[in-house]
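The report below concerns one protein structure, shown here with its sequence. Please keep both in view while reading.

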Amino acid sequence: MKRVVQYIVLVVMAVLLASAALWADYCSQLEPCKSVDVVILNDDSVTFVTPEGIVREFEINNIYPEGKLVTSLDTDSMERVLDRCDYLESAECYVSNINRLVVAVRQFMPVMRVYDRGDGRVYYVNRKGKQMEVDGRYHIDVPVVEGDFTGSFKPLRLLPLINYVESDTSLVGLVSMYTVRDSNNVCFVPTICGHIVNLGSLDNIESKFRKLKLFYNKVMPHKGWDAYTEVSLKWDYQVVGTLRSKKQPYFASYNPEEDEQAPPLESVVVGNEPRDKEQNDSRQTDAVVKKAFSKR
């Protein structure tokens, strides 16, 4: 009998607690929204989103919630309004248990700055392809890309190339900007002297940069760093350098049996030293390449 009484008491207490919670929730919904709390989830880098800007978006669209009944707030509509803002990547709106509207947003994080020759626009692009117009009040340090992107070739197709360059400490200081003529002539402007590097297509990027390092290592110190107007990596097993003083291109060939595009850096040295992997330190080769990159 005692156990039955305890069971009944527990059930009654559970019902009372549930009823109290429901009643408190009902009463809270009859109260007005006290304030808007904006939380910027990714403010550890550049910050161009402010709580005042979010509030202004609500006011412009006549959905500012403060003072309105909690039951009348349409958080889905608020999120749709914020999703249309080009400077935001995402937004979540919800009402807290103390009747405050919480707006958690992620500001736009660009991966490149685009100069589009097709329509003359200048804008930033994030990893999802969303665009944000350039604002003179903010400067975001990201790779610069130039080309005609109104056709099938979109700026995001360059992202694997940009990621590869950004991951290599010897390359990140070499590339000043990217320029796209078409899908088979993707180029970049190096920070050294007055030539342009033509990668061809975006295939075999790692092998092409290996060829370029070899060319900078073996050829440029002898020919001169201002000897070429263009260095092309688009052809298999060779680098084609167009001489500045002559219109005939210079061909630097490589053994196709060692690699589809070029031999590995650690198997090649400058001068007449033996091409023996065990006798050469790849770190010394990288140092020569980095030294070449630093020349202006």
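What follows describes a predicted model, taking up a sheet and its helices, then a further helix, the cysteines and the salt bridges.

**The sheet and the helices packed on it**

An open sheet of three strands runs in the order E1-E3-E2, with mixed pairing. Strand E1 (35-40) and strand E2 (88-95) stand at its edges, and each has a single partner strand, so one side of each is left without a neighbour in the sheet. From one strand to the next the twist averages 20°. Between E2 and strand E3 (residues 100-107) the pairing is antiparallel and runs over seven bridges, and within this pairing Leu88 stands opposite Gln107 in E3. Helix H2 (residues 51-60) packs on the sheet, where it touches E1, E2 and E3, and its direction makes about 110° with that of E3. Helix H3 (residues 75-83) also packs on the sheet, touching E2 and E3, while its direction makes about 165° with that of E2.

**Helix H6**

Helix H6 (residues 205-218) has 14 residues, which at 1.5 Å a residue should span 20 Å, and this agrees with its end C-alpha atoms being 20 Å apart. The helix is mostly covered, since 12 of its 14 residues are buried; among them are Phe209, Leu212, Phe215 and also the charged-name entries Lys208, Arg210 and Lys213.

**Cysteines**

A search of the whole structure finds zero disulfides. Cys85 counts as buried because its relative accessibility is 6%, and Cys187 counts as buried at 0%.

**Salt bridges**

The structure holds six salt bridges, including the three listed here.

| Pair | Closest N to O |
|---|---|
| Glu133 and Arg121 | 2.4 Å |
| Asp168 and Lys213 | 3.1 Å |
| Arg181 and Glu230 | 3.1 Å |

The side chains of Glu133 and Arg121 meet in a salt bridge; Glu133 lies in strand E6 (residues 131-133) and Arg121 in the loop between strand E4 (110-116) and strand E5 (122-126), so the pair ties together parts that are 12 residues apart in sequence. Glu133 is partly exposed at 38% relative accessibility, as is Arg121 at 27%.

Asp168, by contrast, is buried, and so is Lys213. Asp168 lies in the loop between helix H4 (159-166) and helix H5 (169-172), whereas Lys213 belongs to helix H6, so their pairing ties together parts 45 residues apart in sequence.

Arg181 in strand E8 (residues 175-182) and Glu230 in strand E11 (residues 228-232) tie together parts that are 49 residues apart in sequence, and Arg181 is partly exposed, with a relative accessible area of 43%. Finally, salt bridges that share partners join Asp119, Arg121 and Glu133 into one network.

How values were computed. Residues numbered from 1 in each chain as written. Predicted model: local features only at pLDDT ≥ 70, side-chain atom pairs only at ≥ 80, totals over all residues. Heavy atoms only, no water. Pairing = 2+ DSSP bridges. Helix = DSSP H or I, 4+ residues; strand = E, 2+ residues; numbered from the N terminus. Axes fitted to C-alpha atoms, helices over the stretch in contact; angles between N-to-C directions. Contact = heavy atoms within 4.5 Å. Expected span 1.5 Å × (residues − 1). Buried < 20%, exposed > 50% of the residue type's maximum accessible area, 1.4 Å probe, protein only. Disulfide = S-S within 2.5 Å. Salt bridge = Lys/Arg side-chain N within 4 Å of Asp/Glu carboxyl O.
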